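Colleague: I'm new to this one, so I'd like to ask how you arrive at the labels you use. Could you show it to me and take me through them?

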Amino acid sequence: MTPTAKRMPVWPLYLGVLVVYPLLVYPERALAGLTEISVGRQLTYIFIYAILALGLNVVVGYTGLLHLGIAAFFGIGAYITGILTVSAYPFQTGFLVALVASTIGAAVFGMLLGAPTLRLRGDYVAIVTLGFGEVTRFTLRNLEEITAGTRGLNPVPPPQLPGFVETPLSWLGIGADWSLDYRLFYYLALGVLVAVIWLLANVERSRLGRAWVAIREDELAATCMGINAARVKLSAFAIGCGLAGLAGCLYATTLTSTAGPDAFDFNRSMIMLCCVILGGLGSIRGTLLGVFLLVGFDNVVAPVLDGLIQAAQINTSGNRFLTFSNWKLMIFGLALVLMVRFRPEGLLPSAQIEAELGHERKSHRPAEAPA
Amino acid sequence: MTSFPLLVAQAESAEFWQTFLQYALIGLTNGALFALIALGYTMVYGIIELINFAHGEVFMLGAFLALTLVLHVMKLDEATPVGLWVGIGLLLLIVPLFCAVINVSIDWLVYKPLRQAPKLAPLVSAIGVSFVLMNVGLLWGGAADVHFPDFVSRHNLLGEDAALSFTYKDLMVVLITVPIMIALTLFVQTTRMGKAMRATAQDPVAAQLMGIHVDRVIGVTFALGGALAGAAAVIYSLYINTVSYQMGFTNGLYAFTAAVLGGIGNIPGAVLGGLVIGLARSFGSGYVGERWTSALVFVILIAILVFRPSGLLGARTREKV
Amino acid sequence: MSRFLPPILLFVLLGVLTLVGWARPADGDPARIKIVSSLPRTGSAKAQTDTIVNGIKMALAEADYRAGDFDIVYADWDDATAGAGQWTAEAETANANRAVNDPDVMAYLGTYNSGAAKISMPILNKAGLLMLSPVNTWPGLTKPAMGDPGEPYIYRPTGKVNYARLVPTDDLQGPLGAVWADEMGVKRVYVLDDNEVYGKGIANLFIEECQNLGIEVLGHESIDVKAQEFKPLMATIKGLNPDLVYFGGTTQSKGGQIAKDMVAAGLDCNLMVPDACYEEVFIESAGADNLNDRCYVTFGGLPPEQLTGPGKQFVDGYRQRFGKKPEAYAIYGYEAGKVALEAIRRAGVKDRQAILDACLAIEDFDQGALGTWSFDENGDSTLRTVTGNIIRDGRFQFVKVLGQ
């Protein structure tokens, strides 16, 4: 089954759209005029959530361990960044150190959590990770001396640009102030995302990546083939949670604040899990699509529709049945139910899972072969 | 925060034991409520291995129905004492029926088409259904907490001036939940349907081969789970007196935790898990500090699972290969 | 080639958008100024923010949506999401950036939650955009040495003040609550808070003053706002036998449940809550029976019934326009609208800096409903009135002006 070897890849075109979009300036202005929303800024968040979801995909998608507490590692990354950079602490290490520390820190916590769960079977892993997520949230909330409680650590300073890039940036029309020109964060997040995808695409095909999938498919058989299940599972936890920490660092830096502990609650974990499962377990493309659809709905479509309904002035009496925000959960929930109903294997499942489910019709589709 | 040195210093005194007993009573009463919700979780899981995240939301809708009935249909706030108990009895029939119907419809509309799908697909559906139901609750009752009128007497059974308090209200919780749990256990252990449920839980395919109508068994399980959530909703509303569209989420989370703690799929386990969580919350609040209680529940959960990977009463089965 | 269709369509869309954006004027309409508000419009704070938004709309409508030579447009933005049920850092950041990037926006009215203000203040500060909060009460937002280390300067990256507020801050309300408790003969108090910026802040200030006054603080505990009931906590408190329980928190952070569980646990002492519980929803969610004659509420400013002169006119006007009595904070929304209009009128140009300067320079402002007041150098109003109220017959009833 390797008819794909010669096919021209399509991803550079998508990447091209994302790279060109902010440089053209006018599309952003047009969208801002039409929707009153900075789509570029929201895309930045979507890139960050994509990194988070890709991390979760390592644990849930490749390795098949149901992880319900990924938001905790997102939060750990954000708070490590906060502690290392805000002015209330003496460290003020700057962005790059914080980025590395957040990734490693979250990975270490991931392994700490992974260790006791190795013995657990199936859904017990789910509840332990869920529990860990909640414990983390309450700890962040209650250890006020360290985390400033619900106030969050702020302001997190933006990264320091090396002097030599400022001139080339100005040729592109990009200002050097991070808070005024969204494009710096946009390209930072996009760059990290592309690097993460490149990394995962390679790991996927490596010895380790194949071991993850082997564990997911049949742990007993994999162990018989000489795979050390404990080590492989731990590595999945470490890499998955480390990526979540990386995303957390970008999140705190972009937001200029760690937000509060409640930004890292079970809800966030659930949404990320939906992105991964809906997109297609173990599929990078699928996970990306899942994030674009679900987070995009929440961050872009919902406020735009809300604005349109307000502008139309159909609801001057303040009737609660006529506001968009009161229907948002319903629409979101129905979308989840319907998408699963019609694509239970995910929107863009990995080739392997697709094959496994016996969708032969796909591999024989005539339109695909000559492309 | 009540500190541990203080705790030790008090350990000998009568007051200490009094407060200790008080926490235990509160914990057990709350635990009984968690257990009732957890039962629905655990039964559904036992049969189709689905973490039914929508279960808490069914419970929440039951509470809103109870509120609507009480305020607008039965007008219980104006009823005589006898009328009140009849009213509560009626609530305990109507609301569980309503929740059972919702739960069965959810299964029929959403989960049933996914029986052959990959294992995690129904989980996303469950999350989706939970959002939809939460939104229904939001439209039904609004965003703020709603007060549920207080009918049941707060008269202390141990005497009005006793330091220890166990009220009619607490007694009501026990008087309703315990028979329900016993009835459920008897149903599962002795009836034909109960036997079919246990068989399906063990191996659906084999059960089908033995002539068990598996779809009907699943339907009955969802109906029972929903009815239990409905009963819990009535008792909860009468006991806690607050209804909100977000209550399903928090209580569902605890119920799920209780179910897993006891050994998911195990009925006595769910009850035990519920009681453990109720007690953990109550003692946690008393001796560790209110703001740590929720964290404490999950720490206990993780600790128990590390030492007993299949929960307190879960069978140490090997995973089916 | 179907795989290539979606990205090609995206490129076409990009081209179309470029043309649309190119055709649009960059700086909007020179005769049009936009005032925006950023408040939690979904979730449980909605009732309060409805009334604030109504107040703002009323102020603008009375001026026929004009200030000086400019047409005024108002937009009501939400910094809460349905999923969270309360304000989120992301939504508030998005709103602040949206305001900064919209060249028509000249005034940003908000926020409701002090925690949210901490996030949008630095963003708006860099753009030199006027931020006017009707209801933020955390002292650290404006007052040096009253909040966390570094406050309020960390919110002013440019070093200039761009944030002003109208309501008296918690460093007045919290201690005056303690003074009131002392006057009522309270000797032993137990303090609860919701662990949020506002609730915890005001609880700490209350405790500090209690200690100065010699009131014994039996304990201080933060609740988990997602918990459903607090019966064990109430059992603990009952064992300590306080004269008063103080709850630093809001209706949304379980103020109602606290009152309920106090009664359920047989704790028959009084309850005192701060201004965030001064709303009808608080009474509804707690059940009037659980509050009547035992719940004291402090509030920054005079309650609507006590207002005279322009204040009374405002209350009557509001009732006429919206068909119901204004909640306590409506008047601050109204005042904020008036102040923004006055600043635009005085500046006379569509320029953020000029309007900001004009606003902070306001002295002896008397066109609103709050009386005559000025902004001090931190951006705080000189109003200092804090009142004490009690809940009786299911309604808030004015008791006295505190500290007099």
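Modeller: Sure, and keep in mind that this is a predicted model. Let's start with B:Pro122, which lies in helix α5 (residues 121–141) of chain B.

Colleague: Why is B:Pro122 called buried or exposed, whichever it is?

Modeller: Its relative accessibility is 12%. Buried means under 20%, so B:Pro122 counts as buried.

Colleague: What does B:Pro122 touch?

Modeller: Leaving aside residues up to four places away in sequence, B:Pro122 touches B:Leu50, B:Tyr111 and B:Leu114. As for B:Ala259, it is 137 residues from B:Pro122 in sequence and 19 Å away in space, C-alpha to C-alpha.

Colleague: Over to chain A. How do you know that the end-to-end distance of helix α9 agrees with its number of residues?

Modeller: Helix α9 of chain A covers residues 183–205, which is 23 residues. At 1.5 Å a residue they should span 33 Å, and the end C-alpha atoms are 33 Å apart, so the two agree.

Colleague: Which residues of that helix are buried?

Modeller: Among them are A:Arg183, A:Phe185, A:Tyr186, A:Leu193 and A:Val203.

Colleague: Now the rings. How many aromatic pairs are there over all chains?

Modeller: A search of the whole structure finds 45. One of them is formed by A:Phe266 and B:Phe249. That pair crosses between chains, with A:Phe266 in helix α13 (residues 266–279) of chain A and B:Phe249 in helix α10 (residues 247–262) of chain B.

Colleague: What makes A:Phe266 and B:Phe249 a pair, and why is it called tilted?

Modeller: The centres are 5.8 Å apart, and the limit is 6.5 Å, so the rings pair. The planes are 40 degrees apart; under 30 would be stacked and over 60 edge-to-face, so this one is tilted.

Colleague: Are those two rings buried or partly exposed?

Modeller: A:Phe266 has 4% relative accessibility, so it counts as buried. B:Phe249 is partly exposed, because its relative accessible area is 23%, and buried needs under 20%.

Modeller: B:Phe16 and B:Tyr287 form a tilted pair too, 6.0 Å centre to centre with 35 degrees between the planes.

Colleague: Which parts does the pair of B:Phe16 and B:Tyr287 tie together?

Modeller: B:Phe16 lies in helix α2 (residues 14–48) and B:Tyr287 in helix α11 (residues 267–288) of chain B, so the pair ties together parts that are 271 residues apart in sequence. B:Phe16 counts as buried at 9% relative accessibility, and B:Tyr287 does at 12%.

Colleague: What makes you say that the charged end of C:Arg98 sits over the ring of C:Trp77?

Modeller: The charged end is 4.0 Å from the ring centre. The distance limit is 6 Å, and the direction has to fall within 35 degrees of the ring normal as well. In chain A, the charged end of A:Arg341 sits over the ring of A:Phe342, 5.4 Å from its centre.

Colleague: And salt bridges? How do you know that C:Glu196 and A:Arg141 form one?

Modeller: Their closest N and O atoms are 3.5 Å apart, and the cut-off is 4 Å, so they form a salt bridge. The pair crosses between chains, from the loop between β7 (188–193) and α6 (197–213) of chain C to helix α6 (residues 123–142) of chain A. A:Arg141 is buried, with a relative accessible area of 2%.

Colleague: Which residues are linked in a network with C:Glu196 and A:Arg141?

Modeller: A:Glu134, A:Arg137 and A:Asp262 are linked with them in a network of salt bridges. There's also a salt bridge between A:Glu144 and C:Lys200, with the closest N and O atoms 3.0 Å apart, and both residues are buried.

Colleague: One more topic, the backbone. What is unusual to see at B:Asn241 and C:Asp64, whose phi you flagged?

Modeller: B:Asn241 has a positive phi of about 70 degrees although it is not a glycine, and C:Asp64 has a positive phi of about 55 degrees, again without being a glycine.

Colleague: Why is B:Asn241 called buried or exposed, and what about C:Asp64?

Modeller: B:Asn241 has 2% relative accessibility, so it counts as buried. C:Asp64 is at 62%; exposed means over 50%, so C:Asp64 counts as exposed.

Key: Residues are numbered from 1 along each chain as its sequence is written. Chains are lettered from A and ligands numbered from 1 in the order in which they are written. This is a predicted model: local features need pLDDT of at least 70, side-chain atom pairs count only at pLDDT 80 or more; totals for chains, interfaces and linings use all residues. Side-chain values use heavy atoms; hydrogens and water are left out. Helices (H or I, at least four residues) and strands (E, at least two) are DSSP runs, numbered from the N terminus. The expected span of a helix is 1.5 Å times one less than its number of residues. Buried means under 20% relative accessible area, exposed over 50%, partly exposed in between (1.4 Å probe, protein chains only). Contact means heavy atoms within 4.5 Å. A salt bridge is a side-chain nitrogen of Lys or Arg within 4 Å of a carboxyl oxygen of Asp or Glu.
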